[in-house]
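Biologist: I am new to this structure and would like a close look at a single part. Please take the nonpolar patch on the surface and say which residues form it.

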Amino acid sequence: MKLSLLLPAVLATALAAFAQSDVAPRPDTPTSFLQSLESGKVSLNTRLRHEHVSQAGLAERADALTFRTRLGYTSAAWQGFQLMAEAENTTALVNDYADGVTAKPGYPVVADPTVTEVNQAWVAYTAGKTKATLGRQRLVLDNARFIGDVAWRQDMQTFDAFVLQTKSIETVTLSYAYLWEINRIFGDRLDWNSDSHVIHATTALPIGTLTGYAYLLDFDTPAGARGNSTATYGLSFTGSTPLNESVRLNYRAEYATQSDHGSSPFDYRADYYNLEAGIAWKTFSLSAGHEVLGSDNGQGFRTPLATLHAFNGWADVFLATPAGGLRDTYAKVTATLPSQFQFLGFYHRFEADAGGAHYGDEIDLQVVRRINTRLSLTAKAAFFDGNPGFADRDKFFLQADYSF
């Protein structure tokens, strides 16, 4: 469906919800704007991480010891309004690495540059089951495969945007976002100017959740971003059903089609699909999946606003889809180990979608131990064994997260 038909429908539904909503304050809510500020909440998130990278063909090994601090404040709601502001700083304590912004020949990239910036600054208005948010904000849709906050990197991705979400239709959630700036993970030095529209709808069914979306992304500057201007339309279905008292079957199916859009200099149309199924017990799960990012006319299917680290291997070899596309056939294991250690493991086999050339294989391993509600520790590793054209790459991570 074209944007000219989708957008009015979403806006009309949201405006109708505003008009019908009762926004009278509850007895326990602030009765003045000043009281809403006094009743607000301060938040603090810190992360200390060491990341080591060894990559074939590069003379040096990367060692990045970085410390990220994120300090925020969110007001209490007052007559439907709420404010939020958050500052962020990343400091490199050991900087033997290329940070993705400043060249450092011979070193692998660890995309955690030193940054001090406003991470979020927004005002929101809620009326009944409809919420509008204006300003710099996080935006994560579904599993973050297309729209995400890249929370793994120290400087998360945020959006200067207007976001409208309504649940006024029973079992259906509608969302619309207009994005005019993409605040990427490299500070403000590599941000993208945007004229993009995001339309997203989900409905709950007895056996899962059905989602439809249209992502019309258009990036003007810098010039290198224009190739990521794309129109993507898709459907996904995800759910879980019990097989007996102790075992569940989990499943996901997704299909999308993409073409060049707006400022893109390319001419192509490519498809995406993902199929995944697995069995879950109380402390253990095993699943398998097959994800395909197609290609056409020398261009691979693009996901420029995704949380890319979460997909196609933690070694980050395939942050950009190769010209021949990508097939990722994978197996995933989760387990609760003794002393409440949480294990997650992947095996990936990567191939070209066009021609089926074998790119390489990867094993990913992670153990997380939550010490308490505020502190968690993570150890993580990725081992990519590449074929010609794709260099071997190993990564090791040690991380401590603290928040309140």
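Modeller: Together, Phe-33, Leu-34, Leu-37, Phe-81, Leu-83, Val-123, Leu-134 and Trp-180 make up a nonpolar patch on the surface, with about 660 Å² of accessible area. The model is predicted: local features need pLDDT of at least 70 and side-chain atom pairs pLDDT 80 or more, while totals for chains, interfaces and linings use all residues. Residues are numbered from 1 along each chain as its sequence is written, and side-chain values use heavy atoms, with hydrogens and water left out.

Accessible areas are from the Shrake-Rupley method with a 1.4 Å probe, and for residues only the protein chains shown count as cover. Patch residues have over 30% relative accessible area and no salt bridge; nonpolar side chains (Val, Leu, Ile, Met, Phe, Trp, Tyr) are joined within 5 Å, like charges within 9 Å. A salt bridge here is a side-chain nitrogen of Lys or Arg within 4 Å of a carboxyl oxygen of Asp or Glu.

Two elements give two or more residues each to the patch: helix H2 (33–38) and strand S3 (81–96). Helices (H or I, at least four residues) and strands (E, at least two) are DSSP runs, numbered from the N terminus. H2 supplies three residues, the largest share of the patch.

Another member of the patch, Leu-134, sits in strand S5, which spans residues 130–137. Leu-134 has a relative accessible area of 43%, so this residue is partly exposed, a class between buried (under 20%) and exposed (over 50%), with a 1.4 Å probe and protein chains only.
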